[in-house]
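Open the model in your viewer and keep the sequence panel beside it. Each stop below says what to select and what is there.

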Amino acid sequence: MKNFIKIGSALAIALGLSLGFGSSVSADQQKNQVLDRIEHKNRMVWGTKADTSLMGLMNIKTGKVEGFDVDVAKEVTRRINPQAKTEFVQVTSGTRIPLLINNNIDAIIATMSITPERAKTVDFSKPYFNAGQSLMVKKGSDIKNISDVNNRKVTVLGVQGSTSVEEVKEKAPKARVLALSDYATALSALKAGQGDVLTTDSGILAGMAKDDTSLKLVGGNFTNEPYGIAIEKNNPKLVKKVNQAIDAMQKDGTYARLMKKWFSDVPGMDWKEMAKL
């Protein structure tokens, strides 16, 4: 069986149940059901992205998704239940929580920032990736950090509707901000010289810089928005086991090894510093 599963009609079911359809089950009845399922079936199903370089990207040759998120998921699964197989379901930002709530997946590891709003719907593990908003420029740029961006001569590129656009307006109010339709367009604009710097989440920028030697990250993160593993509420035992797995990975050097594997070649990114959770 392939370790990557595509969900079609299940999404419609998930969305329907998230709106209140289907039978109701009490919180006590649901408590720790996900861990029980993982231990009983000897498999753990993760929701992950397949379009984010370095974090989770589909390898068209093998048909499998690869990246830091994927490797962390495999390690966490092994440490929770050594007999369990790790399986993956492709998710997007819009589908991941409904699929989790409908039990199509056991956990989400998909560049998901820990936020108070999301924590109302799901429970999070401790941070497993020190993400935050960062900056990317073309090599040779004079911009070194967010302070250099705060200049009327600087044009910052971002994506419409993203929190990063609003954040950079606060951090660098003098700069001109140009919000484009998507990251592909914004990246093309940066390379064409239509802007001086591109800003968004550091995990996304790392993938862009890795794939293009003319680009580099600068200044580190200027916000703190770490990624967490999301788990359906009422599963405290699973949250505890996931946190213990993350701690163990740090202690035995596995976490640093994975950081080096995926991010040591990203221009301007200090993977050793990022490995310090």
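The tour goes from confidence to helix, strands, sheet and salt bridges.

**Before you start**

This is a predicted model: local features need pLDDT of at least 70, side-chain atom pairs count only at pLDDT 80 or more, and totals for chains, interfaces and linings use all residues. Residues are numbered from 1 along each chain as its sequence is written, and side-chain values use heavy atoms, with hydrogens and water left out.

**Stop 1: confidence**

Color by pLDDT, the predictor's confidence in each residue, from 0 to 100. The chain average is 89, and 90% of the residues score at least 70. Now select residues 9-24, where the pLDDT is below 50. Beyond near neighbours in sequence, this stretch has 14 contacts in the model. A contact means heavy atoms within 4.5 Å.

**Stop 2: helix H3**

Select residues 33-41, helix H3. Helices (H or I, at least four residues) and strands (E, at least two) are DSSP runs, numbered from the N terminus. Which residues of H3 are buried? They are Val-34, Leu-35, Arg-37 and Ile-38. Buried means under 20% relative accessible area, exposed over 50%, and partly exposed in between (1.4 Å probe, protein chains only). Look down the axis of H3: its buried residues fall within an arc of 160°, so they line one face of the helix. That arc is taken from the directions from the helix axis to the C-beta atoms.

Show the neighbours next. The buried residues of H3 pack against strand E2 (43-48), helix H4 (68-80), strand E14 (230-232) and helix H10 (236-251). Then step to Asn-42, just after H3: it takes a positive phi of about 55°.

**Stop 3: strand E2**

Select E2. Five of its six residues are buried, so E2 is largely enclosed by the rest of the structure. Two strands pair if DSSP finds at least two bridges between them. E2 pairs with strand E6 (residues 85-90) in the parallel sense, over six bridges. Label Met-44; its bridge partner in E6 is Thr-86. E2 also pairs in the parallel sense with strand E7 (residues 107-108), over two bridges. Here Gly-47 stands opposite Ile-108.

**Stop 4: a three-stranded sheet**

Move to the open sheet with the order E3-E4-E5 and antiparallel pairing. Strand E3 (51-52) and strand E5 (64-66) are the edge strands, each pairing on one side only. Strand E4 (residues 56-59) pairs with E5 over three bridges. Pick out Leu-57 and its bridge partner in E5, Glu-66.

**Stop 5: salt bridges**

How many salt bridges does the structure hold? It holds 15. Each is a side-chain nitrogen of Lys or Arg within 4 Å of a carboxyl oxygen of Asp or Glu.

- Asp-71 and Lys-261 meet at 2.8 Å, N to O. The pair links distant parts of the chain: Asp-71 is in helix H4 and Lys-261 in helix H11 (residues 254-263), 190 residues apart. Asp-71 is buried at 13% relative accessibility; Lys-261 is exposed at 51%.
- Lys-169 and Glu-166 meet at 3.8 Å, N to O. Both lie in helix H7 (residues 163-171), three residues apart, about one turn of the helix. Lys-169 is partly exposed at 42%, and Glu-166 is partly exposed at 45%.
- Lys-276 and Glu-273 meet at 3.5 Å, N to O. Lys-276 is exposed at 55%, while Glu-273 is partly exposed at 46%.

Last selection: Glu-75, Arg-78, Arg-79, Asp-252 and Arg-257. Salt bridges that share partners join these residues into one network.
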